[in-house]
Amino acid sequence: MYMLYKFELKKIVKTKLFSGVCLALLVTTLGAMWTVFYISPMGIGPKEMSKRSVVQYNQKFARQYEGDLTDSKIKEVLSDYLAFYKSRKQDENKYQEEIPNNVFSYRIADAVLNPKDNLPNQVDKNPNVSIDDIPVKPISSLGINKDIKPIKLTSYYGWSDLYKMTEVIYIPIVMAIIVACSGIFSSERAANIDQLLLATKHGRKRLTTSKICAVGLVSVTLFLVTSLLILGSFFIFYGFDGWNGSIQANFELATFTFPIALSHLQVYLVMLGIQLFNVLFISSLGILISSFTNSPFISMIISLVIFVIPKGLDKLFTVGTLPNKVQQYLPINNFSVDTILQKMTNNEEVLRNSFTANLLIIGVTACLVMVVSLVVTSTHQKKYYAS
């Protein structure tokens with residue numbers, strides 16, 4: 001059995017197609033990390049400062065204000081930010097050259113100040129203006145659930161970039177899995193060697209199981225290795241500052257109304273968990289499709305179409321209708337941080353307004369599709385082998 005499993009695994013990984021898929025995924029991942037991490041607003045600063053130094057500057061600045069999110073804390077941040085604008089007004093050339101972009105304070109100011117009351121305008125009108133002269137919205141106006149206490153403010157921008165990166169690379173991972181594993185059954189039919197494999201010692205009894213295990217291992221490995229590469233790069237560039245901050249205090253995402261107390265790290269783990277379920281959903285469906293086709297190319301095309309078609313149906317089904325709600329749980333629609341933190345707590349968008357219940361529906365749906373796909377595949381292959 002082990003030799004048969006090893007043989008099926010080698011059939012996938014020791015091919016030019018798989019090498020090309022891995023190379024394409026690596027290039028895509030590196031390109032996405034450059035775009036999301038290296039060109040992040042958190043890394044914008046003077047030319048003589050490295051991107052990492054600018055990030056550290058922003059994180060050091062944010063650490064001064066770590067603690068419970070209160071109205072007095074917000075005023076403290078804005079007061080210091082106002083002092084920064086006053087200093088820049090006095091010597092604009094100096095500050096434009098020497099001071100990095102303060103994204104931490106900028107997003108907070110954007111959330112609690114009216115556009116006409118923004119700090120640069122206020123300083124232009126009155127160089128001696130104080131924070132007490134500016135109307136600042138109270139924390140209660142943001143819609144944060146009163147039952148969540150305390151709300152912890154930490155450095156949040158880096159985690160927003162990690163979520164964005166995890167979203168961006170999800171589609172390339174799925175496409176890589178579909179392309180790499182689409183020929184697990186159909187390639188043998190196309191090459192007319194399936195009957196030869198059935199003549200081996202364990203061919204008829206364990207061939208299907210070996211193929212399923214090989215596809216599962218390759219799919220999960222591609223997902224985990226890519227995720228670890230992203231997480232490692234994130235750690236090098238940002239560190240883990242702010243991991244325990246409340247997601248409601250992430251002023252970049254502005255997810256103030258999310259009703260459950262979760263930290264930035266917990267949100268990231270939820271994203272990974274949902275995407276892992278999606279990988280199992282997609283790979284098992286790909287196995288089923290491959291068992292019914294005679295061409296790896298046809299298998300790949302059908303798998304890709306089934307994966308992306310629910311996104312097109314968004315335009316067909318009205319928001320709030322049952323078909324539209326159901327399709328929000330499918331892999332093409334459920335993986336983004338916006339979906340997780342906004343849609344999955346709103347029964348106008350999905351079936352339940354309970355975050356936990358909606359996560360459970362995603363997990364159960366993926367498991368059902370996986371079990372049904374693998375059972376149908378096994379049954380079909382037994383009949384095919386017998387014939």
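Visitor: At what angle do helix α3 and helix α6 pack, and how is that orientation classed?
Guide: In this predicted model, α3 (residues 51–63) and α6 (residues 103–112) have axes 8 Å apart and pack at an angle of about 55°. Angles of 65 to 115 degrees count as roughly perpendicular and those under 35 degrees as roughly parallel, with the value here in neither range. The two helices are therefore classed as oblique.

Visitor: Which residues of α3 and α6 meet, and how many of the contact residues are charged?
Guide: From α3, Asn58, Phe61 and Ala62 take part, and they meet Val103, Phe104 and Ser105 of α6. The residues of this contact divide into four nonpolar and two polar, and the number of charged residues is none.

Visitor: Why is α9 described as largely enclosed by the rest of the structure?
Guide: Helix α9 covers residues 170–181 and reaches 17 Å from its first C-alpha to its last, close to the 16 Å expected. Its buried residues include Tyr170, Ile173, Val174 and Cys181. The helix is largely enclosed because the buried residues number nine of the twelve.

Visitor: Where does UniProt place the feature "transmembrane region"?
Guide: The annotation comes from an unreviewed UniProt entry. That record places the feature at residues 21–40, 169–191, 212–240, 260–281, 288–309 and 355–377.

Visitor: What is the helix content of residues 212–240 and of residues 355–377?
Guide: Residues 212–240 have end C-alpha atoms 37 Å apart, and this span is 93% helix and 0% strand. For residues 355–377, the end C-alpha atoms lie 33 Å apart and strand is 0%. The helix content is thus 93% for residues 212–240 and 100% for residues 355–377.

Conventions. Residues are numbered from 1 along each chain as its sequence is written. This is a predicted model: local features need pLDDT of at least 70, side-chain atom pairs count only at pLDDT 80 or more; totals for chains, interfaces and linings use all residues. Side-chain values use heavy atoms; hydrogens and water are left out. UniProt positions are given in the numbering used here, feature names are shortened, and annotations may be inferred rather than shown by experiment. Helices (H or I, at least four residues) and strands (E, at least two) are DSSP runs, numbered from the N terminus. The expected span of a helix is 1.5 Å times one less than its number of residues. Buried means under 20% relative accessible area, exposed over 50%, partly exposed in between (1.4 Å probe, protein chains only). Axes are lines fitted to C-alpha atoms, for helices over the stretch in contact, and angles run from 0 to 180 degrees between N-to-C directions. Angles under 35 degrees count as roughly parallel, over 145 as roughly antiparallel, 65 to 115 as roughly perpendicular and the rest as oblique. Contact means heavy atoms within 4.5 Å. Ala, Val, Leu, Ile, Met, Phe, Trp, Tyr, Cys and Pro count as nonpolar, Asp, Glu, Lys and Arg as charged, and the others, Gly among them, as polar.
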